[in-house]
Amino acid sequence: MTHSRQRWLVANWKMHHTPAQTVDFLLELLPLLKRRPGREIVLCPSFPLLETAAKTLKASGTKGKMLSLGAQNAHWEFSGAFTGEVSVDQLAGVGCKYVILGHSERRQMGETDQIINKKVQSAVRSGLQPILCVGETDMERRTGKTQAVLRRQLRACLSSISQKNRILVAYEPVWAIGTGKTPTLSNIEDAHQTIRQASGVTRVLYGGSVNPKTLPALLPSKEIDGFLVGSSSLDPESLAHMANLL
Ligand code: PGA
């Protein structure tokens with residue numbers, strides 16, 4: 001296994017942790033991280049934690065530079081009367097480099113492929129790198145629709161996007177998120193190949209019940225450029241352990 005390839009470990013904290021816990025987390029995490037050329041660790045906390053995280057990383061000097069920041073969502077408009085929403089420019093302004101878009105938990109709240117497409121367009125225009133989530137439900141998998149669902153989501157979510165090199169796609173089967181279930185490696189590899197062919201995006205991550213125990217079996221695959229991790233990213237030791245394997 002060479003380490004010359006670029007690899008991502010994206011920590012999706014969802015609606016967990018307070019500002020004080022974020023500081024404690026980072027102060028515990030940073031000393032545990034080993035240098036790994038080509039690896040990028042992206043911390044995606046909720047909006048109110050971003051500035052705290054950015055300040056803590058800055059104050060931590062070179063170690064702090066081992067982490068990038070990302071958000072978990074954004075609105076597609078750049079500013080305006082959208083109570084409760086957050087714009088891509090606001091996120092870039094607090095130090096975000098990435099933004100997760102189209103996560104299945106947001107799709108379940110009513111986000112459509114068309115809405116996600118508008119968000120991807122705005123994120124690219126603002127200079128953020130979207131981490132676009134796609135994936136099939138359990139029913140779609142059981143009825144053999146996985147490849148068709150991925151193609152449909154990618155076609156719609158990436159419509160009119162020419163800068164494919166700005167985008168990461170995360171393959172996240174809905175049935176694998178937070179369930180402890182994972183697809184076989186060959187199913188993941190098939191899905192990643194479909195994603196590359198259908199989208200023209202080359203950087204494809206896997207997400208869904210990744211943890212320090214499941215990660216090692218997925219690591220050798222050339223089809224997987226990194227991982228999007230939810231619950232196992234909430235503990236600094238667990239996140240450091242996974243990051244140091246990359
Ligand atoms: P999980 O979540 O690692 O807890 O399964 C992944 C995600 O929702 O991005």
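What share of the 246 residues in the chain is buried? Buried residues make up 51% of the chain, where buried means under 20% relative accessible area, exposed over 50% and partly exposed in between (1.4 Å probe, protein chains only).

**Figure 1. Overall view of the predicted chain.** The model is predicted, so that local features need pLDDT of at least 70 and side-chain atom pairs count only at pLDDT 80 or more, while totals for chains, interfaces and linings use all residues. Residues are numbered from 1 along each chain as its sequence is written, and side-chain values use heavy atoms, with hydrogens and water left out. The chain contains 11 helices and 8 strands; helices (H or I, at least four residues) and strands (E, at least two) are DSSP runs numbered from the N terminus. Its radius of gyration is 17 Å, which agrees with the value near 18 Å for a compact globule of 246 residues; the radius is taken over C-alpha atoms, and the globule rule is 2.2 Å times the number of residues to the power 0.38. Along the principal axes, the C-alpha atoms fill a box of roughly 50 × 50 × 30 Å. Among contacts (heavy atoms within 4.5 Å) between residues at least 6 apart in sequence, 77% join residues at least 24 apart.

**Figure 2. Close-up of helix 6, residues 113–126.** The 14 residues of helix 6 reach 20 Å from first C-alpha to last, close to the 20 Å expected at 1.5 Å a residue; the expected span is 1.5 Å times one less than the number of residues. Buried residues of helix 6 include Ile 116, Val 120, Ala 123 and Val 124, and also Asp 113 and Lys 119. Among the elements that cover them are strand 4 (96–101), strand 5 (129–134) and helix 8 (146–157). After helix 6 comes Gly 127, with a positive phi near 95 degrees.

**Figure 3. Close-up of Leu 132 in strand 5.** Leu 132 has a relative accessible area of 0% and is therefore buried. Beyond its neighbours within four places in sequence, Leu 132 contacts Ile 116 and Val 120, among others, together with Leu 154, Cys 157 and Leu 168. The C-alpha atom of Leu 132 is separated by 16 Å from that of Gln 147, 15 residues apart along the chain.

**Figure 4. Close-up of two residues of helix 8, Thr 146 and Gln 153.** Thr 146 is buried, at 13% relative accessible area, and Gln 153 counts as buried at 5%. With residues up to four places away in sequence set aside, Gln 153 touches Arg 107, Asp 113, Val 134 and Gly 135. On the corresponding basis, Thr 146 is in contact with Glu 136, Glu 140, Arg 141 and Tyr 171.

**Figure 5. Close-up of the largest pocket and the second largest pocket.** The largest pocket holds about 400 Å³ of space. Its lining has 15 residues, of which Lys 14, Met 15, Gln 72, Arg 106 and Met 109 are the closest to its centre. By class, this lining has 5 nonpolar, 7 polar and 3 charged residues. The second largest pocket has a volume of about 200 Å³. Its 21 lining residues include Lys 14, Gly 178, Ser 209, Gly 230 and Ser 231, the closest to its centre, and divide into 6 nonpolar, 13 polar and 2 charged. On a 1 Å grid over the protein atoms alone, a pocket is an open set of points where a 1.4 Å probe fits, with protein on both sides within 12 Å along at least five of seven lines; lining residues have an atom within 4 Å of a point.

Definitions and conventions
Points joined across faces, edges and corners; volume = space filled by probe spheres on them. Nonpolar A, V, L, I, M, F, W, Y, C, P; charged D, E, K, R; others polar.
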